[in-house]
Amino acid sequence: MPPQNLAQQRLLIKGGKVVNDDCSVVADVYVEDRVVRQVGPNLNPEPPAGLVVLDATNKLVIPGGIDTHTHMQFPFMGSTSKDDFYTGTKAAIAGGTTMIIDFAIPQKGCSLIEAFDTWKSWADPKVCCDYALHVAVTWWSNKVKEEMKSLVQNKGVNSFKMFMAYKDLYMVNDEELYAAFSCCKELGAVAQVHAENGELIAQGAKKMLAMGITGPEGHELCRPEEVEAEATQRAITIANAVNCPLFVVHVMSKSAAEVISNARREGKVVYGEPIAASLGTDGTNYWNKDWAHAAAYVMGPPLRPDPSTPGFLMNLLANDDLSVTGTDNCTFDICQKALGKDDFTKIPNGVNGVEDRMSVIWEKGVYSGKMDENRFVAVTSTNAAKIFNLYPKKGRIAVGSDADIVVWDPKATRTISAKTHHQANNFNIFEGMVCHGVPVVTVSRGKVVYEGGAFNVTAGEGKYVSRPPFPPYVYKRVRQREQIKANEKDPAVPTKAVHSGSNNQSTINLSRANMKRQ
């Protein structure tokens, strides 16, 4: 396809089945100036000159994926992740993802705004697709609170992540969690947590090393499921105490997922994010006799050795107990992982996934019969767009939406391999997995950036996307609960009775005050 001025590109996707989270319909999609202009049957936009036509017959036309959790060029554990914002986003578009949300993570005592500016300066010249930034809160003070406010009001940030693990590095205590959650609620931001008990991990690691367990299996043994489940329950309890919506990142275990599922059924506003790794593979790999293989799977929280975990998490994802999918893409090659050759606590934590996520979820979710195509769109794109207030510009194919679109072939297969992937790593945790469901065309910002294995994109074509506070999908319920609570406290609001419309006295619920007067 000849290069065209991005602002003038016109695109017609013909004959495909347009799949949104709530419906599927055979329709054409017309794109102009980076935006969807028409969706309907037999479109013939004028003039035909300069119109790029894509034939999507017998294929699905879906919203581009949104990866809610990446760490590109992240300086961590004595190294820097291999995928930078160029290779990482290029791999993303090859896999059908058209937006990533990365993390700006300040050191303790350092400025959140400076961290944001640093990450943005790394990303802007390199990104091949749109992106946004979560910001981590790694310590607490009045300065942090003021900077959170500034980030929300001036920088388009509406989510903040707190670590309950990585003691002495990023971990915050319960008092700091309470303060950060309270601030998020005031600002209309979504609070995120890495949910593991950092103190128990520190003690467990000492115990393993003292027993002579130095290999990758020690990583899982020192931070078992209950360490994740306990922290998840604690975070939900603290968030609920201040009526703050909570987003639990990288849900890795059955027990943590059950905690989230139970909380949702109790009416708590909490969202769980399993990742491609926890849905597509398991922690039995930590016991592989090849050290490099075992170390390649080391991430925090760890993959679980119970081989039924991925299927269990996929069932919960399919049935809305879990809500969205990310990858925690944070790639370190075999040489970098070897920093922990004699001590598992020094193995850089991180795995791949930004290119593989969509196909892994289609294979394990849709092809397996656990979810339909609409739920697939919800968990790979739409729900993320709603939670982080990007919807309906992102996460939907409709008139006025951004033209971030993927032509998806549900019948095609591909075999995942480090030899053919576009991620910068020399190992792939899904090596050899055959996946049904393949992106054949990726459209980002109204331009065909990937087609039939070939790229048509340059560094910096993606843009930073600001996210307003108070996403309605999350905060409508929170605000209503606040209003009800305020009314209960306000003596000016009558609470004598709630009448159902019948004259029957049994339909009137008298308040405690009235009961006492009687």
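**Figure 1. The largest pocket of the predicted model and the helix that contributes to its lining.** Helix α5 (residues 198-210) gives the most to the lining of the largest pocket, supplying 4 residues. The volume of this largest pocket is about 340 Å³, and of the 16 residues that line it, Y166, K167, I201, R223 and T345 are the closest to its centre. By residue class, the lining of the largest pocket divides into 9 nonpolar, 4 polar and 3 charged residues.

**Figure 2. The second largest pocket, with a volume of about 150 Å³.** A lining of 13 residues surrounds this pocket, and those closest to its centre are A94, E355, R414, H422 and Y450. Strands β15 and β16 are the elements that give two or more residues to the lining of the second largest pocket. Its lining residues comprise 5 nonpolar, 6 polar and 2 charged ones.

**Figure 3. The largest cavity, with a volume of about 120 Å³.** The structure holds 6 cavities of 30 Å³ or more, and the largest cavity is lined by 16 residues, of which H71, F76, Y166, G300 and D328 lie nearest its centre. The lining of the largest cavity is made up of 7 nonpolar, 7 polar and 2 charged residues. Y166 is thus named both among the residues nearest the centre of this cavity and among those closest to the centre of the largest pocket.

**Figure 4. Two residues other than glycine with positive phi, Y166 and R445.** Y166, which lies in the loop between β11 (159-163) and α4 (174-187), has a phi near 60 degrees, a positive value in a residue that is not glycine. Y166 counts as buried because its relative accessibility is 17%, which falls under the 20% limit for that class. R445 is found in the loop between β16 (434-444) and β17 (447-451), and its phi is likewise positive, at about 55 degrees, although R445 is not a glycine. R445 is also buried, with a relative accessible area of 17%.

**Figure 5. Two cis peptide bonds, each leading into a proline.** The bond that joins G300 and P301 is cis, with an omega of about -10 degrees, and P301 has its place in the loop between α10 (291-296) and α11 (309-318). G300 is also one of the residues that lie nearest the centre of the largest cavity. The peptide bond from Y391 to P392 is cis as well, with omega near 5 degrees, and P392 is found in the loop between α14 (373-387) and β15 (405-415).

**Figure 6. The open parallel sheet of 7 strands and a helix packed on it.** The strands of this sheet follow the order β6-β9-β10-β11-β12-β13-β14, and their pairing is parallel. At the edges stand β6 (65-70) and β14 (270-274), each of which pairs on one side only, and the twist from one strand to the next averages 25 degrees. Helix α8 (residues 254-265) packs on the sheet, where it touches β13 (246-251) and β14, and the direction of α8 makes about 150 degrees with that of β14. Within the sheet, strands β9 (residues 97-104) and β10 (residues 130-137) run parallel and are joined by 6 bridges, with A104 standing opposite V135 in β10.

**Figure 7. The hairpin formed by β2 and β3.** Strand β2 (residues 24-32) and strand β3 (residues 35-40) run antiparallel and are joined by 5 bridges, and Y30 has Q38 in β3 as its bridge partner. Between the two strands lie 2 residues, and D33 in the turn has a positive phi of about 50 degrees.

Note on methods. Residues numbered from 1 in each chain as written. Predicted model: local features only at pLDDT ≥ 70, side-chain atom pairs only at ≥ 80, totals over all residues. Heavy atoms only, no water. 1 Å grid on protein atoms, 1.4 Å probe; cavity = no way out; pocket = protein on both sides within 12 Å on 5 of 7 lines; lining within 4 Å. Points joined across faces, edges and corners; volume = space filled by probe spheres on them. Nonpolar A, V, L, I, M, F, W, Y, C, P; charged D, E, K, R; others polar. Buried < 20%, exposed > 50% of the residue type's maximum accessible area, 1.4 Å probe, protein only. Pairing = 2+ DSSP bridges. Axes fitted to C-alpha atoms, helices over the stretch in contact; angles between N-to-C directions. Contact = heavy atoms within 4.5 Å.
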